[in-house]
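Got your viewer open? Let's walk through this one together, selecting a few side chains at each stop.

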Amino acid sequence: MSNGKGLTSQSQDFSAWYNEVVQQAELASHSPVRGCMVIRPYGYRIWELMQAALDEMFKATGHQNAYFPLFLPKSALDREAEHVEGFAPETAMVTHAGGAVLEEPLVVRPTSEAIIWPIVRDWIHSYRDLPVLLNQWANVVRWEMRTRPFLRTTEFLWQEGHTAHVSEEEAEAETRRMLGVYRTFMEQWMAMPVITGMQTDTERFAGGLRTYGCEALMKDNKALQAGTSHNLGQNFARAFDVRYQTEEGEHTYVWSTSWGVSTRLVGGLIMTHGDDEGLIIPPRLAPYEVVIVPIWKDDDQRATVMEAGGSVRADLEDAGVRVHVDDREGMNPGSKYYDWERRGVPLRLEIGPRDVKADSVMVVRRFTPEGTDRKTPMPMAGVGSSLRTMLDGIQDELFAAATRRRDAATIRGVEDYGEFQRLIADQGGFFYTGWCGEGECEKKVKEDTKATIRVIPDEEFRSAEVPSLCLCGARSVCEVVRARAY
RNA sequence: CGGGGCGUGGCUCAGUCCGGUAGAGCGCUGCGUUCGGGACGCAGAGGUCCCCGGUUCAAAUCCGGGCGCCCCGACCA
């Protein structure tokens with residue numbers, strides 16, 4: 001990879017392919033500290049576009065942004081027994097500061113429940129103060145054993161929603177509503193199909209009541225948990241004494257929720273759409289939806305071509321398209337083609353003297369499903385709206401292709417354990433099976449096959465007929481989706 | 001925390017076994033020729049060889065100690 005030309009193929013070594021794409025597309029690089037990554041401008045722009053879309057959706061559902069501190073007193077984290085137990089192994093702690101040993105160590109937030117609720121409790125007095133609908137964009141730290149760029153890093157960026165409600169029903173509705181927001185975002189912006197549903201007890205958020213999640217299937221047929229939404233019940237309200245006065249004058253605990261998605265989504269995006277040529281970014285999240293590559297031989301041609309490129313750019317910008325003109329000198333067009341293909345830009349426009357003369361541009365697609373032409377000439381007039389339409393089409397095609405791929409790797413109704421073990425080892429993918437409801441059984445299957453229960457699917461994803469038997473042979477109580485996961 | 005690998009110019013690495021003037025390719029800078037799918041010529045810049053100690057006339061290389069990172073597994077968004 002020394003010259004940046006080759007890329008390990010996905011079939012040869014998916015993990016190597018992933019690392020090389022991250023590096024070559026200039027999404028991120030390693031930092032001096034183990035497990036931490038530098039998000040480079042091109043990668044950060046993708047995250048910014050994700051943030052912008054999500055933030056708008058949060059605001060539209062009535063949430064307000066706020067910011068709570070990075071540090072929390074260790075004693076605060078300790079307040080909720082299960083919560084502290086769940087996060088203790090992966091917390092980083094500050095014991096020294098200002099040249100002295102601190103009286104009380106500070107925990108670097110692994111999540112912010114323990115700092116938010118002791119503060120927000122003072123904002124809540126009456127049922128009239130509810131619901132409280134907060135969100136914060138922040139970094140968190142979880143000391144993980146094994147890290148991978150975007151998918152699992154020691155420090156990562158995310159948003160965490162935190163809400164408080166008057167009733168369990170309202171909290172549950174909020175939990176489900178935000179799961180729906182995530183699903184919409186993943187499908188419509190990321191073009192990444194997901195299965196939503198409830199997590200089993202082993203995957204439940206430490207200290208929460210119920211956890212729901214969005215599960216996506218990557219191109220190597222491994223599952224990725226792309227977002228989670230937790231109904232926390234009254235556990236945190238009790239731990240942090242968050243109460244309100246009801247209409248009837250009683251004092252009672254609030255019902256709270258939390259929900260989050262992280263920079264992990266960038267990893268999901270890479271592994272949902274990328275191919276052996278590199279990254280493929282859906283238009284809605286592409287830093288550049290269109291890159292213009294001007295072609296010239298001499299200064300006269302350069303001037304002509306750049307002028308045409310400039311007006312095409314203006315036309316595209318007017319049509320609301322993010323566009324970039326690659327006017328780098330001393331690099332020939334072919335090199336630029338490869339460069340932008342590796343970076344996943346949906347459309348490339350080639351504009352040379354011949355095109356200017358013909359009043360047209362050459363449009364080249366990054367993503368070409370069966371039956372589509374890679375290159376097509378297009379009249380320069382009206383190029384803005386033509387390409388806007390084309391980009392919208394590509395967005396849909398990517399989602400359709402990803403959904404087809406996911407469905408092709410989905411197997412339903414397996415009851416025989418031997419067959420399951422064979423299939424999961426040979427091809428991976430999503431397996432809809434029965435489950436007896438026992439944690440011990442879930443654990444054994446994981447030990448045998450590395451496959452976990454990703455989710456108890458919501459009704460719309462369930463099979464017409466739920467298998468009557470669990471893999472262990474016992475009667476199943478529900479259908480679950482199993483997979484090997486990141 | 002186990003197992004493996006690695007630390008040498010911005011990047012990928014050779015050189016280490018067998019001590020003797022620090023190298024290659026790519027990238028970078030300048031000039032010129034190129035430019036419709038990964039260009040070429042000429043000139044040039046760029047290094048505490050991870051750190052500390054030891055052996056030696058002499059250490060990237062040998063010895064001792066340390067640190068760090070990556071990859072593969074057990075835990076996790």
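**A tour of cores and rings**

Start by selecting Phe-240: this residue counts as buried, at 1% relative accessibility. Keep in mind as you look around that this is a predicted model.

Now add Phe-236, which is buried too, with a relative accessible area of 0%. The two rings form a stacked aromatic pair, with 6.4 Å from centre to centre and 10° between the planes. Show the backbone as a cartoon and you will find both residues in helix α7 (residues 235-240), four residues apart, or about one turn of the helix.

Stay with Phe-240 and add Val-120, Ile-124 and Val-254: these four are among the 27 residues of a nonpolar core, the second one and separate from the largest.

Next, move to the largest nonpolar core. It has 55 residues, and the members that touch the most others are Met-50, Phe-185, Met-186 and Ile-270. Colour helix α2 (residues 41-60), which gives the core its largest share, nine residues. Then colour domain 1 (14-273) and domain 2 (283-397) separately: both contribute residues, so the core lies between them.

Which residues are in contact with Met-50, leaving aside its neighbours within four places in sequence? Select Phe-185, Met-190, Leu-265, Val-266, Leu-269 and Leu-285 to see them. As background, nonpolar side chains in soluble globular proteins tend to be buried together.

From Met-50, stay in helix α2 and pick Trp-47, then Trp-137 in strand β7 (residues 132-141); the pair links distant parts of the chain, 90 residues apart. Are these two tryptophans buried or exposed? Both Trp-47 and Trp-137 are buried. Rotate until you can see both ring planes: the centres are 5.8 Å apart and the planes meet at 75°, so this pair is edge-to-face.

Widen the selection to Phe-58, Tyr-182 and Trp-259, which join Trp-47 and Trp-137 in one aromatic cluster. If you would like to keep hunting for ring pairs, the model has 15 aromatic pairs in total.

For the last two stops, look for charges over rings. Select Lys-222 with Tyr-486: the charged end of the lysine sits over the tyrosine ring, 4.3 Å from its centre. Then go to Arg-348 and Tyr-337, where the arginine lies over the face of the tyrosine, at 3.9 Å from the ring centre.

Methods:
Residues numbered from 1 in each chain as written. Chains lettered and ligands numbered in written order. Predicted model: local features only at pLDDT ≥ 70, side-chain atom pairs only at ≥ 80, totals over all residues. Heavy atoms only, no water. Core = buried A, V, L, I, M, F, W, Y, C linked by side-chain atoms within 4.5 Å. Buried < 20%, exposed > 50% of the residue type's maximum accessible area, 1.4 Å probe, protein only. Helix = DSSP H or I, 4+ residues; strand = E, 2+ residues; numbered from the N terminus. Domains from an automatic or database assignment. Contact = heavy atoms within 4.5 Å. Phe/Tyr/Trp six-rings, centres within 6.5 Å; stacked < 30°, edge-to-face > 60°. Lys NZ or Arg CZ within 6 Å of the ring centre and 35° of its normal.
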